[in-house]
Amino acid sequence: MGAASEQEPSSAELMVDLIISLDGYASAEGWPGWWGLEGPEYLAWLEEEGQKGRTYLLGANTYRLMAGMSEEAAAGGPGFSEEEGESLTGLAAVPKVVFSSTLQGPLGWPNSTLVSADAVEAVREMKGKGSGPLGTLGSLRLCRSLLSAGLVDRFRLVVFPVITGRTGRERIYDGYPDVALEMVDSRTFDGRLQLLEYIPTILDGPPGSANLPGS
């Protein structure tokens, strides 16, 4: 059984961070960012998290999307709320590692490093070198690959109280392995958003005597 929680201690702890609707989507067609439900407590928490010195990991599609949005927000584009604009422009200052075999360097988004090697092996090497705390930025396929490889130390969700069965896009859990989750933190933002943080353990199959965490 592969268990992310059984890794040797490392200063390069990897946190997968996802926002999700109640029915498991990362976004929805026609809905605003954060499903229009962001509030002051959640936004203050996002600002605090951005100051924790993580290096963010992302794939090519997320890079293209987020870099473009960040540039548009910095130019005062009208498509963003004040809070969204501040969050997007702030991402330019944080260190980012972009995994892609198609992008060409140097990358235009500030503080972005392009890595063309296999993402799983590259992150495994980063963790082995103790290169500081790591986090993900979107990039659902990258998150799935890193979790499946047992490289994720913390799996954190912010659940938004919406069901987007008709308009939902980007199903998060398709293709995931079976995973046992040990809750280590939870809180509520603005009376409606639920943060859930877990230590993940990859299971070889359905729960049973041979597959329970710690067995």
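Leaving aside its neighbours within four places in sequence, which residues is Phe 99 in contact with? In this predicted model, the contacts of Phe 99 are with Leu 57, Leu 58, Gly 59, Ala 60, Val 115, Ala 117, Ala 119, Ala 122, Val 123 and Leu 142, once those neighbours are left out. The surroundings of Phe 99 are described below, after the overall fold.

The protein has 215 residues, of which 46% count as buried. Its secondary structure consists of 5 helices and 10 strands. Among contacts between residues at least 6 apart in sequence, 73% join residues at least 24 apart. The accessible surface comes to about 10,900 Å², and carbon and sulfur atoms account for 51% of that area.

Eight of the strands are arranged as an open sheet with mixed pairing, in the order 5-4-3-6-1-7-10-9. The edges are formed by strand 5 (112-115) and strand 9 (179-189); each has a single partner strand, so one side of each lacks a neighbour in the sheet. From one strand to the next, the twist averages 25°. Within the sheet order, strand 3 is followed by strand 6. Strand 3 (residues 55-59) and strand 6 (residues 134-136) pair in the parallel sense, over 3 bridges. In this pairing, Leu 57 stands opposite Thr 136 of strand 6.

Leu 57 and Phe 99 also belong to the largest nonpolar core, which has 30 residues. Both are listed among the residues with the most contacts inside this core, together with Leu 14, Leu 18, Val 123 and Leu 146. Two or more residues each are contributed by strand 1 (14-21), strand 4 (96-99), helix 4 (119-128), helix 5 (140-148), strand 7 (154-160) and strand 10 (193-202). Another core, of 15 residues, lies apart from this one and includes Leu 58, Ala 60, Val 98 and Leu 103. Leu 58 and Ala 60 are nevertheless among the contacts of Phe 99. In soluble globular proteins, nonpolar side chains tend to be buried together.

Helix 4 is one of the elements that supply the largest core. Its buried residues are Ala 119, Val 120, Ala 122, Val 123, Met 126 and Lys 127. Viewed down the axis of helix 4, these residues fall within an arc of 165° and therefore line one face of the helix. An α-helix has 3.6 residues a turn, so residues three or four places apart point the same way. The cover over the buried residues of helix 4 includes strand 1, strand 3, strand 4, strand 5, strand 6 and helix 5. Of these buried residues, Ala 119, Ala 122 and Val 123 are in contact with Phe 99.

Definitions and conventions:
Residues numbered from 1 in each chain as written. Predicted model: local features only at pLDDT ≥ 70, side-chain atom pairs only at ≥ 80, totals over all residues. Heavy atoms only, no water. Helix = DSSP H or I, 4+ residues; strand = E, 2+ residues; numbered from the N terminus. Buried < 20%, exposed > 50% of the residue type's maximum accessible area, 1.4 Å probe, protein only. Contact = heavy atoms within 4.5 Å. Areas by Shrake-Rupley, 256 points an atom, 1.4 Å probe, with all protein chains shown as cover. Pairing = 2+ DSSP bridges. Axes fitted to C-alpha atoms, helices over the stretch in contact; angles between N-to-C directions. Core = buried A, V, L, I, M, F, W, Y, C linked by side-chain atoms within 4.5 Å. Arc of directions from axis to C-beta.
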